[in-house]
Amino acid sequence: MIRAFGYNEFLFLLSAVQWTLMLSVIAFIGGGIVGLVVALGRTSDVKPLRWLSTGYIQIFQGTPLLMQLFLVFFGATVIGIDMSPWVAAAVGLTLNTSAFLGEIWRGCIQSVPRGQWEAASSLGLRYPGLMRYVILPQAVKVAVPPTVGYLVQVIKGTSLAAIIGFVELTRAGQIVNNATFQPFLVFGIVAAIYFALCWPLSLLSQRLEARYAAPSR
Amino acid sequence: MTYDFQFDAVFASWDYLLDGAWLTVRLSFGAMAIGLVVAILCALGKTSGPRPVRWLINAYIEVIRNTPFLVQIFLIFFGLPTVGLRLSPDMAAMIAMVVNVGAYATEIIRAGIESIHKGQIEAGLALGLRPLQIFRYIVLKPALRTVYPALTSQFILLMLSSSVVSAISADELTSVANNIQSQTFRSFEIYIVVTGIYLVLALMFSALFAGIYRLAFAYTIDRR
């Protein structure tokens, strides 16, 4: 039975936005925490740590996000956990985000001039203090624009959770389209909602980049 | 942990997987080639076109970069037939990939074009080169050389994101994996093997791009 696209269908799409946002926030926070560890490992003086984090980044950047989601979803069954699509999507997106943020932040940490490291260690600061009081505060300044920009990728990435069956915005669009069969209208609205979420972040990232780039040049 | 891994089912369909991987490679290279042309034209339009053209290209770039690839695929595959344009899944996948990579590559190439010093173009004019020659030899080639790393990593990302076109059942690698999965139920085994194939493809692509760089762009001493 074909239904008309009405107010209720639109509301259904809008209410699915909360799951897209929830997934994005979880992936971003979780990915940020793991990503910081990855970035620290990547810039560490300890060789095995560097290898480990480099391998981690290589694997996640060299394989499709969709495969990563499938592997988490089906891999959980292998180790005997029954994982809902929701948890699988959250875990998969967190891991993926951590690899990309780790690589972005590695660049930011390494952009702090070598003299700062040397000055800090000659003042007697050990690694934790050196990172916390000298390197990271300077790296954060460089990191803000690309991190905000990457948030757009995270939001768009959550759409793949639709393929493993989690009902977020894209899956909601598929459901509504199956009932109304107005693909242009339905996916047009879905795209417009994503655009409304992502575009302000893109603009913000560009503006921050322009602001931070100016004084350092 | 008592899971019994069975890879036989996966390796039994080895040729089927290779077919899928081959289509992934063809789709990726096709989309790269056409996308590159689209991007060069759009970058040219954006840097030196009239205002309405610049505005249109900007809108194209912003819309594509701020919406998910999956939604773009759905719009093309399900949306276009409603206006009378029937597409096979493979064709729709190809169009979606071109449209998507075109937007990203435009921004990359535009940055390259803007990095060309104005004096270079003036020098070309003074040497009596025609506008097309100036664009080809003085603007485009050095611009592509400058942005080559960014451009090729975008192409690798395109190859990886082509797995998403399995959502409309184009017969590429991920779709093949889904089909084998639904026949054999060895989900984890099949997806770990296919993930490995993608990783190998990504490494092969980056080796190939490094080779192309050496052939096409290693004509001066790197000043950086």
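I began with a term: a nonpolar core is a set of buried Ala, Val, Leu, Ile, Met, Phe, Trp, Tyr and Cys residues joined through C-beta atoms within 7 Å. I kept in mind throughout that the model in front of me is predicted.

**Entry: the core**

I looked up the largest nonpolar core and found that it has 117 residues, and that A:L69 and B:I73 are the ones with the most contacts inside it. I then asked which helix gives the most to this core. I found that it is α5 of chain B, residues 89–114, with 14 residues. For A:L69 I also listed the neighbours: leaving out residues up to four places away in sequence, A:L69 touches A:A88, A:A89, A:G92, A:L160, A:A161 and A:I164.

**Entry: confidence**

Before going further I checked how sure the predictor is, and I noted that the complex is given an ipTM of 0.91 and a pTM of 0.91. For chain B I wrote down an average pLDDT of 92, with 96% of the residues scoring at least 70.

**Entry: chain A as a whole**

I counted the elements of chain A and arrived at 8 helices and 0 strands, which along the sequence give the pattern α-α-α-α-α-α-α-α. I noted that the C-alpha trace of chain A spans about 75 × 45 × 25 Å along its principal axes. Of the 217 residues in this chain, 41% count as buried. I also looked at contacts in chain A between residues at least 6 apart in sequence, and found that 75% of them join residues at least 24 apart.

**Entry: chain B as a whole**

I repeated the count for chain B, which comes to 9 helices and 0 strands, and from the N terminus on I read its elements as α-α-α-α-α-α-α-α-α. The C-alpha atoms of chain B fill a box of roughly 75 × 45 × 30 Å along the principal axes. Buried residues make up 40% of the 224 residues of this chain. Among contacts in chain B with a separation of 6 or more, I noted that 77% are between residues 24 or more positions apart.

**Entry: where the chains meet**

I asked how many residues the contact takes from chain A and from chain B. I found 32 residues from chain A and 31 residues from chain B. On the side of chain A that touches chain B, I noted that α3 (65–78), α6 (127–157), α7 (169–180) and α8 (183–216) each supply at least two residues. The largest share of that side, 11 residues, comes from α8(A). When I sorted the residues of this side of chain A by kind, they divided into 22 nonpolar, 9 polar and 1 charged.

**Entry: two residues compared with the cut-offs**

I picked A:G35, which is found in helix α1 (residues 7–42) of chain A, and asked whether A:G35 is buried or exposed. A:G35 is buried, because it has 26 other C-beta atoms within 10 Å, and 20 or more are needed for that label. Not counting residues up to four places away in sequence, A:G35 touches A:T97, A:S98, A:L101, A:G102 and A:W105. I also noted that A:G35 and A:P137, 102 residues apart in sequence, are 16 Å apart in space, C-alpha to C-alpha.

I then turned to B:A33, which has its place in helix α2 (residues 14–48) of chain B. B:A33 counts as exposed because it has 11 C-beta neighbours inside 10 Å, and that label applies at 12 or fewer. Between B:A33 and B:A105 I noted 72 residues in sequence and 11 Å in space, C-alpha to C-alpha.

**Entry: what the UniProt record says**

I looked up the annotations, and in an unreviewed entry UniProt gives "domain: ABC transmembrane type-1" for residues 17–205 of chain A. In the model, that span is 83% helix and 0% strand, and its end C-alpha atoms lie 22 Å apart. For chain B, UniProt places the feature "domain: ABC transmembrane type-1", also from an unreviewed entry, at residues 21–209. I found this span of chain B to be 84% helix and 0% strand, with its end C-alpha atoms 19 Å apart.

Under "transmembrane region", again from an unreviewed entry, UniProt lists residues 20–41, 62–81 and 184–204 of chain A. I checked residues 20–41 of chain A, which are 100% helix and 0% strand, with end C-alpha atoms 30 Å apart. Residues 62–81 of chain A came out as 70% helix and 0% strand, with end C-alpha atoms 27 Å apart.

Note on methods: Residues are numbered from 1 along each chain as its sequence is written. Chains are lettered from A and ligands numbered from 1 in the order in which they are written. This is a predicted model: local features need pLDDT of at least 70, side-chain atom pairs count only at pLDDT 80 or more; totals for chains, interfaces and linings use all residues. Two residues are in contact if their C-beta atoms, placed from the backbone, lie within 7 Å. Helices (H or I, at least four residues) and strands (E, at least two) are DSSP runs, numbered from the N terminus. Ala, Val, Leu, Ile, Met, Phe, Trp, Tyr, Cys and Pro count as nonpolar, Asp, Glu, Lys and Arg as charged, and the others, Gly among them, as polar. UniProt positions are given in the numbering used here, feature names are shortened, and annotations may be inferred rather than shown by experiment. pLDDT is the predictor's confidence in each residue, from 0 to 100.
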